[in-house]
Amino acid sequence: MRPLALLALAAAPLVLTAAAVPAQAQELRPVGPTTAAFTLDAEVQDGGQQVVSLTIDVRGLGINPRSLSDDAFSVRASGTSPDPSVPGPVLGTFEDVDRPVADVRLEPGGRLVVDLEDGFGTPGGSTLGYSVGAGRNVELDLEYTLTQVKPLTARGVSDFRFAALEQSRLVDDEVEAFAPGEANGLAYRLFSPRERGLRPLVVWLHGGGEGGREGSYDNDLVLQANRGALGFATPEAQEVFGGAYVLAPQAPDFWLNDPARGYSAQLKGLIDEVVASHRVDTSRIYVVGASNGGYMTAQLTADNPGFFAADVPIAAVREYDDAVVLTDEELAAMSSTPTWVVHAENDETVPFEPNGKYIAEHVDGALLSAYPDVTYDGIAYDGHWSWIYVGRNDPTTPDGTHVWQWMAAQRL
């Protein structure tokens, strides 16, 4: 839970005196305290999670929606490193940044929503920073200041102002749809479909930035950093798969430490436990992963031939620190599993030629989506972020079959 913060108010007095309010208005003034709480409403975009709106609880106040305007409130935000022990510097922190208001609206159930301008690169929008020393994303401590600039109308009072506005928790419905759990020594998040009966399972393996670190094993990160796992839980993907479980485990550090830590075997044990406790169709288990997780996708498939119905390594690491981490023998072992490799040719973090291209060339029958760069919806992203395409079901075969539909069609 985010720390509560008592928020600044407009310069004009917020508590009206009897002399300042006509007698009739005083009688109509809402009964009860006028201190209200607001949530930070977040959504995971292609560039990571952002706060996109603030929602004020106004139940019982009788706010007149016609008195709302997009200049009725102003918003400022700070995002600081959550823990002094996090190896610095932490990139992406910000202090007292203006968050322009896009709209103010009243929703059913007594929710007053302050929509904020958002999108990739929006100053002060992100919920995450990046610890250079740890090589990890970290959840920032967020403090939002919501200031009422103009009076509202409430139960006939034309000059209603909140006495105080208090920050409450961060809310992201998509993230919270994944239940937390732990099995076989690994933390995970699991989305369960609404449909009954045996359902397929999609395993999403995160990149290096979402792994745990000393003193922190918060597996929210596997969902907040990108739409890799969340994409498969959308109504669109669930319709394609006919309802599917989506499992997102978290490495205690990096999946690439598998030789020392035995993560491949640990993951297989975790998947087996999830299968045993849920109604999973074992002929339709799929594994998808990005970067570090792209390596582990290939490694897990090579170690368990005939177990997965399909695998999708994205920007996958084959060479690391001048060492080959996926041998030709392991790539050959993947050939019994339908494989679709996704990589951007301008990837400077995990270069295309010795990694994604090499994997596709050495796995019999593998499909390859080689993008020139990572540009989606008119926005140019880092060339390493080719998982954006899979999260949006963009890769297609020459005959026009998209990657989700291709996966869903694969069965043991």
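**Exercise 1. Find where serine 291 sits in this predicted model, and decide whether serine 291 is buried or exposed.**

Step 1. Start with the place: serine 291 lies in the loop that links β18 and α8.

Step 2. Look at the backbone. Phi of serine 291 is near 60°, which is a positive value in a residue other than glycine.

Step 3. Now check the surface. The relative accessibility of serine 291 is 10%, and the cut-off for buried is under 20%. Serine 291 therefore counts as buried.

**Exercise 2. Work out how asparagine 184 is placed, and whether asparagine 184 is buried or partly exposed.**

Step 1. Go to the loop between β14 (179-183) and β15 (186-191); asparagine 184 is found there.

Step 2. Read the backbone angle: phi of asparagine 184 is near 55°, again a positive value in a residue other than glycine.

Step 3. Finish with the surface. Asparagine 184 has a relative accessible area of 34% and is partly exposed.

**Exercise 3. Follow the chain onward from β18 and explain why α8 is largely enclosed.**

Step 1. Trace the helix. α8 covers residues 292-303, twelve in number, and spans 16 Å from its first C-alpha to its last, close to the expected 16 Å.

Step 2. Consider burial. Eleven of the twelve residues of α8 are buried, so the rest of the structure largely encloses this helix. Among them are Gly293, Tyr295, Met296 and Leu300.

Step 3. See what does the covering. The elements over the buried residues of α8 include β16 (199-205), α7 (263-277), β18 (280-290) and α9 (328-333).

**Exercise 4. Which strands pair with β18, and in what sense?**

Step 1. Take β16: this strand pairs with β18 in the parallel sense over six bridges. Leucine 201 stands opposite isoleucine 285 in β18.

Step 2. Take β19: five bridges join this strand to β18, and the two run parallel. Here alanine 290 has isoleucine 314 in β19 as its bridge partner. From β18 the chain passes through α8 to β19, a β-α-β crossover that is right-handed.

Step 3. Add burial: β18 is mostly covered, with nine of its eleven residues buried.

**Exercise 5. In what order do the five strands of the open sheet with mixed pairing lie?**

Step 1. Lay out the order: β6-β7-β2-β1-β13.

Step 2. Mark the edges. β6 (101-107) and β13 (164-171) each pair on one side only. From one strand to the next, the twist averages 25°.

Step 3. Zoom in on one pair: β2 (residues 48-57) and β7 (residues 111-116) are antiparallel over five bridges. Aspartate 57 has arginine 111 in β7 as its bridge partner.

Conventions. Residues are numbered from 1 along each chain as its sequence is written. This is a predicted model: local features need pLDDT of at least 70, side-chain atom pairs count only at pLDDT 80 or more; totals for chains, interfaces and linings use all residues. Side-chain values use heavy atoms; hydrogens and water are left out. Two strands pair if DSSP finds at least two bridges between them. Helices (H or I, at least four residues) and strands (E, at least two) are DSSP runs, numbered from the N terminus. Axes are lines fitted to C-alpha atoms, for helices over the stretch in contact, and angles run from 0 to 180 degrees between N-to-C directions. The expected span of a helix is 1.5 Å times one less than its number of residues. Buried means under 20% relative accessible area, exposed over 50%, partly exposed in between (1.4 Å probe, protein chains only). Contact means heavy atoms within 4.5 Å. A crossover is right-handed if, with the strands pointing away from the viewer, the path from the first strand over the helix to the second runs clockwise.
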